Amino acid sequence: KTNRLLLNLKDIMGNASSAHKTKPARPASVASEALSSTLALGAGCYWGTEKYVRKDFQKKFPNSIKTATVGFMSPLDGVRIQNPTYPQVCSGQSGHIEVLFVELNEPDKHFEELIRFFFQFHDPTTKDRQGNDRGFQYASWIFCDDEPQALIAERVRGELQTLLDANALNVYDRKTVSTKISPMKEFTPAQAEHQEYLAKHPNGYCNHRIRFKHWPVISKKEGPSN
């Protein structure tokens, strides 16, 4: 309870101290070139990732998600275990990350918004960890299906690092974004009972939360009046 109180206090103080430095960004622009409709997101335990994308992201952007499936993806060139099981991934020996495989209905409109939202509900500064969940399988990772996706993801990640460098956003544990971006690899769906787990078990385990409601940009300082 003490740790939770400190986290909540940190969020409150962080938002208060950064309010004069930032303002809500404009909605993401529609992509200027065609994007793949699929991507995979690693943000810690995939139960929470799925809940926040399926439910909360679609509150902001109705009907944006065509499909969302939890499972595993390895960024390694040589996969240690093909079609790993959940226990094998949890052991940390398979080289896989817990991910949500997403298919968007309109990627040109919603891919960048989803990448922004991805950084709003988890901590991308804790390498291979989300809360008490530790291990490579809990890494913050964006798997892109084409180069235009990767360029957008890299730009958004860069925007976030700029905010942290300027002390304009104080809702994470650390000051350096550890999120990796790499090409899509083979996806292994998790077992059926893990799909939509928090929809079936609303009080189930989840260590994600919305850390800030709007994607911010640094406000320009007003010059001295003449």
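In this predicted model, strand E7, helix H5 and strand E8 form a right-handed β-α-β unit. The helix of this unit, H5, covers residues 147-165. Strand E7 runs from residue 140 to 144, and E8 from 180 to 183. The two strands pair in the parallel sense, over four bridges. Within this pairing, Phe 143 has Ser 182 of E8 as its bridge partner.

Strand E7 also pairs with E2, residues 38-43. Here the sense is antiparallel, and five bridges are found. Leu 41 is bridged to Ile 142 of E7.

Five of the five residues of E7 are buried. In a regular strand, side chains alternate between the two faces of the sheet. Both faces of E7 are covered. Ser 140, Ile 142 and Cys 144 lie on one side, and Trp 141 and Phe 143 on the other.

Residues of E7 also appear in the nonpolar cores. The largest core has 46 residues, and Phe 119 and Ile 142 have the most contacts inside it. At least two residues of this core come from each of E2, H2, E3, E4, H4, E7, H5 and H6. A second, separate core has nine residues. Among them are Ile 97, Ala 139, Trp 141 and Phe 143.

Phe 119 makes many of its contacts beyond its sequence neighbours. With those within four places left aside, Phe 119 touches Ile 142, Val 156, Arg 157, Leu 160 and Tyr 172, among others. The list also includes Pro 124, Val 177, Thr 179, Phe 212 and Trp 215.

Helix H4 spans residues 107-121. Of its 15 residues, 13 are buried. At 1.5 Å a residue, H4 should span 21 Å. Its end C-alpha atoms are 20 Å apart, so the length agrees with expectation.

The cysteines were examined next. The disulfide count is zero, with a sulfur-sulfur cut-off of 2.5 Å. Cys 45 is in no disulfide, and its nearest cysteine sulfur, in Cys 206, is 7.4 Å away. Cys 45 is buried, because its relative accessible area of 5% falls under the 20% limit. Cys 90 is likewise in no disulfide. For Cys 90, the nearest cysteine sulfur is that of Cys 45, at 8.5 Å. Cys 90 has a relative accessible area of 29%, so this residue is partly exposed.

Note on methods
Residues are numbered from 1 along each chain as its sequence is written. This is a predicted model: local features need pLDDT of at least 70, side-chain atom pairs count only at pLDDT 80 or more; totals for chains, interfaces and linings use all residues. Side-chain values use heavy atoms; hydrogens and water are left out. Buried means under 20% relative accessible area, exposed over 50%, partly exposed in between (1.4 Å probe, protein chains only). Two strands pair if DSSP finds at least two bridges between them. A crossover is right-handed if, with the strands pointing away from the viewer, the path from the first strand over the helix to the second runs clockwise. The expected span of a helix is 1.5 Å times one less than its number of residues. A nonpolar core is a set of buried Ala, Val, Leu, Ile, Met, Phe, Trp, Tyr and Cys residues joined through side-chain atoms within 4.5 Å. Contact means heavy atoms within 4.5 Å.
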